[in-house]
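Reader: I should like to learn how cysteines, nonpolar cores and pockets are to be read in a structural model. Please take them in turn.

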Amino acid sequence: MSLATKYSPQDIENKWYNYWMENNYFHSTPNEKEPYTIVIPPPNVTGVLHMGHMLNNTIQDVLIRRARLKGFNACWVPGTDHASIATEAKVVDKLKQQGINKADLTRDEFLKHAWEWTDKHGGIILEQLKKLGASCDWERTKFTMDADLSEAVTKVFIDLYNKGLIYRGYRMVNWDPSAKTTLSDEEVIYEERQGNLYYLNYKIEGSDAILTIATTRPETILGDSAICINPNDARFTHLKGKKAIVPICNRVIPIIEDEYVDIEFGTGCLKVTPAHDQNDKILGEKHQLEVIDIFNDDATLNSFGMHYEGKDRFVVRKEITKELETLGCLVKIEQHLHKVGTSERTKEVIEPKISAQWFLKIETIVEPALKAVLEDSAIKFFPKHYNNTYRHWLENIRDWNISRQLWWGHQIPAYFYGDGEHDFVVAETIEEAVELAKQKTNNQQLTTSDLTQDPDALDTWFSSWLWPISVFDGIRFPDNEEINYYYPTNDLVTGPDIIFFWVARMIFAGYEFRNEKPFSNVYFTGIVRDKQRRKMSKSLGNSPDPIELMEQYGADGVRVGMLLCSAAGNDLLFDEELCAQGRNFSNKIWNAYRLVKGWEVSETIEQPSSSEVAIEWYNAKFQQVLAELDSSFEQYRLSEALMNIYKLIWDDFSSWFLEMVKPEYQQPIDAKTYKAVIGFLEDNLKILHPFMPFLTEEIWQDIAPRTPEQALIIAEYPKVNSFNKALISEFNVAADVISGIRTIRKDKNISFKETIAFSVLNNDKVSTNFDTVIQKMGNLSAINYVTSTVEGALSFRVKSNEYFIPMVGAIDVAAEKAKLEEELKYTQGFLKSVQGKLSNERFVTNAPEQVIKIERQKEADALAKIETIKASLNSL
């Protein structure tokens, strides 16, 4: 069957993906081979494919396909994360549209809706990854709320609680009023925002005196418990022991003294609101102040807000400012730039809130994680500069707030049997909890109806930190065959934005639960940005739809486009033109194969010497690139690896090698050369396959009939062998000579079909290995070696050698002279600048030896070129 004239990815991508799936190439089971394992950073179950996923998963697929070709038992585990906050928000929104309020539902009723939503939307992103060519072991697909993974989470919670590492306590937490849940410190993004600083007057009880405070949040005065002054501040000696009156609510509060107050900052008088500021809470505990929480969970004001009850905090800020102004308490308002904490998920402004929460002690579990990355290099980060980010966070880490006021997620396995804060037990089931409660209370009459499970869910990351272990069931069955075979995994590919949320915590979990690292290498991808360096997002409208891109350019074209602009660890400045370049590369390879497939093969004709040397050269060039690829992959420089393959196939194979061995028009090619061409083509396909799986499998399967055992996806990767480096250098000279011949033919309108004579003044004693190639590609009658300049000929130089082509037909002598004189003038100017450098004693003394060597070579080449131009002018 003849090959289509144009490569059409849409026709072949589904065909080969289905073929790979039918033949189970992606599936892995433990065997005698060395494993190579990647676990996918599980995308949110709410998600659809975006450009960040495209980059991350293309890189993972390149690594896994290459490992498969190199003979490893490659296992790429896919899955999704339940994403508690994001998913609950989606379900709540969907229910609102149906006129249902979450507050009117029981937990079980709500969870039924959540599971329905998850079952409908949860697999979308994984199906989209198949379009990209992702060769995941789909039989292993996991979800963080699968029954086995959920059981693992419960076991881990109980284990840590029993070790004394999990505790419950009242703490100031980050409260998200939109999601109505607490957040960990890592889920809060601090943004610089322009706000206001409000100067307010408070009356002193029993006098006409006043004091002035400055605040960014006037609405919180209704929760004030004290005014604090520095005992060393002479300005406020008269206030010691006095009391102040809070405006509007007229509550009388003490004036306390503490050196915590900065005399130089603000007015020197500090309002203390223990319920709504971390530092104020510390002061409040020290001075035993009343804690007055003025906010509901949605950040509207409660009954302490008086006539503002039920109104949103930001509405109240405006209204209370007006009321304070009317009362004569507002002194002035200044603009003030300050940092505001926002929720990483909902973008809502965070509210500090005192709340009973569950925490994980970090102090002891952080030590092996620090050592593994920063001392032992058991885990390597690429790029390495992320070591500093990791160190900074781990050395300043606080206990992890692991509870969330949500229903979607893993419910905390704690059961309360009384009203006291410590009247609880921790157990896997309520039946076990009853037995523990009986022991704790010495009350044998307790039943399940006397116990209530904590309604809170665990932080999403408390399940995903177990991911490399739990996907192989290593928590429930720590000595099972799969965990012992696949763990620790090899490479983790992820974004630097979750280095704290996920990467560090997986390292904590690895050492805590298996006393072993979870992976050996972490490659941090850059952020996908547009050409204006803006992060791609739906809100900016600057993010293309990955599915539409693949429909337009083919999955292989998009994969190439993504990786060409993705330098190791740096942000990716995405340009759709690079996807077009990827598509053009597909067409180049396709056309090269069509050319080869169209050749008639003869078993009887001899192999030309030009083909023989061409084969020897391409073998050396291929081996050179193969060795460079290994080095690039070791450093995760995938863009560099792809560019090397791109140049090898586009330039060396298609533009040079095929031209060297191409038979004369309508003539056959010898069988020996053809066999070598096919061998090189197959090797090219093997090294390209991880990057462009569809196109390469299509051509591979078309070259010859293949059984499923002979598919490219499981072929053997080429081995690095020794090669002739000198031959590569000799070819580079030969290529310059061929380019010189072609330039003269083009400039002088000498037909490329016309055979011409050619002479060489071999001053450099350059190798003659490629003479037959030069003769063929230059269409030369012969190559004559001469000992002196050929008069009346056109000439050019490569290195110190001079090459001559007799003038053919009439040429415009005046125009030729003018052109040569212009070139002479330029070269003399260039020589002057080089010699200027070499005559500069400071430059010669301080420059590296290699730089001096290069400059002297430039001087020699320029002098030789000047001689050649002068000779050409004389001959004219």
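Author: The dialogue below treats cysteines, then the nonpolar core. This is a predicted model, in which local features need pLDDT of at least 70 and side-chain atom pairs count only at pLDDT 80 or more, while totals for chains, interfaces and linings use all residues. Residues are numbered from 1 along each chain as its sequence is written, and side-chain values use heavy atoms, with hydrogens and water left out.

Reader: How many disulfides does the structure hold?

Author: A disulfide is a covalent bond between the sulfur atoms of two cysteines. With the criterion of a pair of cysteine sulfur atoms within 2.5 Å, the structure holds 0 disulfides. For Cys 269, the nearest cysteine sulfur belongs to Cys 228 and is 9.3 Å away.

Reader: Is Cys 269 buried or exposed?

Author: Buried means under 20% relative accessible area, exposed over 50%, and partly exposed in between, with a 1.4 Å probe and protein chains only. Cys 269 is buried at 5%, and Cys 579 is buried at 0%.

Reader: Which residues touch the most other members of the largest nonpolar core?

Author: A nonpolar core is a set of buried Ala, Val, Leu, Ile, Met, Phe, Trp, Tyr and Cys residues joined through side-chain atoms within 4.5 Å. Among the 192 residues of the largest one, these are Phe 381, Phe 462, Trp 465 and Phe 657. Apart from this core lies another, of 29 residues, including Tyr 198 and Phe 236.

Reader: What does Phe 381 touch?

Author: Contact means heavy atoms within 4.5 Å. Leaving aside residues up to four places away in sequence, Phe 381 touches residues including Val 373, Tyr 390, Ile 499 and Phe 524.
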